[in-house]
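User: I'd like a close look at one part of this model, followed outward into whatever surrounds it. Keep it relaxed, but be specific about residues.

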Amino acid sequence: MARRLSGGVALAAFCGILGVPAPALADTASEIKALKDQIKRLEARMTEQAKTNAQVKNAINSAKTQPGLVAPPPVFVSFKNGLFVETEDKAFNFKIGGRMQIDGGFSSSADTTSRSNVGFRRAQLWIEGKAYKDWFYRFQYDFTNSGTQGIRDAYLAYRTKLLPESITSQPVTFQVGNFFEPFSMETTSSTSNITFLERAMPTVLAPSRHIGAAVGVGDKLWSVKTGIFSTSPQDTATAPPAGESQYWDVAARGTYAPIQQEDKLLHLGSSFRYHRPNNTTAGTNGAFLRPGAGTEREEADILGASGTWSRVPVAQDLSCAPPSNATTNATTFNTSVTGLAGLYYPFARRSSCLKYAYSYGFEAAATYGPLSLQAEYIATRYERDPLNAFLYSNGGGSSLQFSGYYVQGSYFLTGESKAEVYNGYDKNWSSPGTFGAIKIKNPVNKGGWGAWEIAARFSELNLNNGGLVDGNFVYAATVAGSAAQKALANTATLGGRQENLTIGLNWYPVNGFRLQANWTRVMTLVAASDRPFLNGDHPSIFLARANVFW
């Protein structure tokens, strides 16, 4: 204290000799005091920080020395395109992602659609990750549905190196849960990355997500995936009829990309599915037994549910199950029994007329710089018992085949290339041979214009199958025909034939955002037998979407 006073006296005397005013001297002293106080506070914080560091270090050292205890590993956390957390050794990670698609549009014809409407097409959240290096998981839920019908991906996978390097450098994948059956490039592609608002019409003939088990193998240029599957959360009913077994599928898809460069790509692929119905009906498995009437939508999107224009009628459920009313199919072939028969049987059982069915498809995609082309052909053949089909008065005979195709092209005005984001098995083992998110050259947040893409697609779906009479006779007989005329009409299955032309514009301002606009013109429409008023119609539809994904 004496030293501080003497220092102050000396400073005052020195300043007095120099003629420094007293007020200025007081200001300087207060500033010095403020600086000293600030230094003391910083020293206190550093002391506390040193104590905390020491405590953490001691805890880690203690954990290392105690048997059975392992120090928590450092983790990497990122908020780029969703929340991502990963351990330093990359053995564990998880990501929280999501997708929101908001649609709006209008139609020139409102016979089976809304004149205009807006709504959520998808509102999804998911979590995916890895554990112990080799185990993978993913759970995805769509809030535009409710209960189990909102479940999308929900699977567990195990990946391990089984094959020699001469065959593949990648692990073999074993996958179980609910996921896309390996069939079709368009079907297995994420809706965040497909070119148009909706998948092409022929994909109503392809299987969607189902519960099952699959095995996949491949490398950068090729992939093969196969599995066995059964019911889907999107089925009308996930349980088979009483006393029956659930349907099952065996599906396989192979892809090969002989050319894969940063701005050039050639992709080829094919798919096959065998379906065993086991007495299920369109009341439980409508997507397969009434093609066009499943959960997948055509270009009408938010203006109308699936089967807006083309779908197999209720009365022609391909399993030959009777319709329970004018709009839905029966969920079972069983009928109640009366009298003494009830002592021996709970119900009277009749069999489906469908023995089995199979689907096949071929796909190709090519990219050269900003130009991309893609095409697919898909067909499904139903093999039935002709006697049962006749006795149950169900049209179409013993063998029915429905098919469709699409051809599409797109061009990036800003120079991006889809070849750069092609996913082989090495990048996407769950859905190999598909395209990922576009890499924007000049995003808006960096002063650019984002990525701009123009596109066109021609698609066709044919759900009509033969018969002894033409479509006009079927329309007339269905509405006001005699019993004999209706019998002739029933030799055919008319679900409709449709050809669409779609023009699209996409803007990708920044990663994770896309604004889309589609205009669709129905070029040809041969109506389903129960909708003769649509025959020859040419509706036009305009749809727009705000697409956000992370």
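Where does Trp550 lie? Start there, please, and work through the surface and the salt bridges around that part before moving on to the rest of the chain.

Analyst: Trp550 sits in the segment after strand E22, which spans 540–549. Keep in mind that this is a predicted model. Trp550 counts as partly exposed because its relative accessibility is 32%, and buried would need under 20%. On the surface, Trp550 belongs to a nonpolar patch together with Met100, Ile102, Phe120, Leu125 and Phe143, and the accessible area of the patch adds up to about 560 Å². Strand E3 (93–107) and E4 are the elements that give two or more residues to the patch.

E4 is worth a stop of its own. Asn117 is located in this strand, which covers residues 116–131. With a relative accessible area of 31%, Asn117 is partly exposed. If you skip residues up to four places away in sequence, Asn117 touches Asp103, Gly104, Gly105, Ile302 and Leu303. Ser107 is ten residues from Asn117 in sequence, and their C-alpha atoms are 9.3 Å apart. Past the end of E4, Lys133 lies in the loop that leads to strand E5 (135–142). Lys133 has a phi near 70°, a positive value in a residue that isn't glycine.

Now back to E22 for the salt bridges. Arg545 and Glu198 meet there through their side chains, at 3.0 Å from N to O. It's a long-range pair: Arg545 is in strand E22, while Glu198 is in the loop between helix H3 (185–188) and E8, 347 residues apart. Both ends are covered, with Arg545 buried at a relative accessible area of 3% and Glu198 buried at 4% relative accessibility.

Another pair to look at is Arg152 with Asp142, whose closest N and O atoms are 3.6 Å apart. That one links strand E6 (residues 151–160), home of Arg152, to strand E5, home of Asp142, across ten residues of sequence. Arg152 is buried with a relative accessible area of 11%, and Asp142 is buried as well, at 2%.

The side chains of Glu383 and Arg381 also form a salt bridge, 3.0 Å from N to O. Here the two ends differ in cover: Glu383 counts as buried at 14% relative accessibility, whereas Arg381 is partly exposed at 25%. Elsewhere, salt bridges with shared partners tie Asp103, Arg121, Glu198 and Arg545 into one network. So Asp103, one of the residues that Asn117 touches, is in a network with Arg545. The structure holds 17 salt bridges in total.

From Glu198, the loop runs on to E8. Strand E8 (residues 209–218) is mostly covered, with seven of its ten residues buried. Strand E7 (residues 172–180) runs antiparallel to E8, joined to it by eight bridges, and Thr173 stands opposite Gly216 of E8. E8 also pairs with strand E9 (residues 222–229), again in the antiparallel sense, over seven bridges. In that pairing Ala213 faces Ile228 of E9, and the two strands make a hairpin with three residues between them.

Next, the interior. The largest nonpolar core has 18 residues, and Leu205, Leu289, Leu318, Tyr382, Phe402 and Leu461 are those with the most contacts inside it. Two or more residues come from each of H4, strand E14 (354–368), strand E15 (371–384), strand E16 (399–412) and strand E19 (451–465). Take Leu318: leaving aside neighbours within four places in sequence, its contacts include Phe288, Leu289, Tyr382, Leu400 and Phe402. A second, separate core has 15 residues, including Leu303, Tyr475, Ala492 and Val522. Leu303 is also among the contacts of Asn117.

One more backbone detail leads up to H4. Asn279 is in the loop between strand E11 (264–276) and helix H4 (286–289). Although Asn279 isn't a glycine, its phi is positive, at about 65°, and at 13% relative accessibility it counts as buried.

Zooming out, the chain has seven helices and 22 strands. Buried residues make up 46% of its 550 residues. Among contacts with a separation of 6 or more, 64% join residues 24 or more positions apart. The chain exposes about 26,600 Å², and carbon and sulfur atoms supply 62% of that area.

Terms used
Residues numbered from 1 in each chain as written. Predicted model: local features only at pLDDT ≥ 70, side-chain atom pairs only at ≥ 80, totals over all residues. Heavy atoms only, no water. Helix = DSSP H or I, 4+ residues; strand = E, 2+ residues; numbered from the N terminus. Buried < 20%, exposed > 50% of the residue type's maximum accessible area, 1.4 Å probe, protein only. Contact = heavy atoms within 4.5 Å. Core = buried A, V, L, I, M, F, W, Y, C linked by side-chain atoms within 4.5 Å. Pairing = 2+ DSSP bridges. Areas by Shrake-Rupley, 256 points an atom, 1.4 Å probe, with all protein chains shown as cover. Patch = residues over 30% accessible without salt bridge, like charges linked within 9 Å, V, L, I, M, F, W, Y side chains within 5 Å. Salt bridge = Lys/Arg side-chain N within 4 Å of Asp/Glu carboxyl O.
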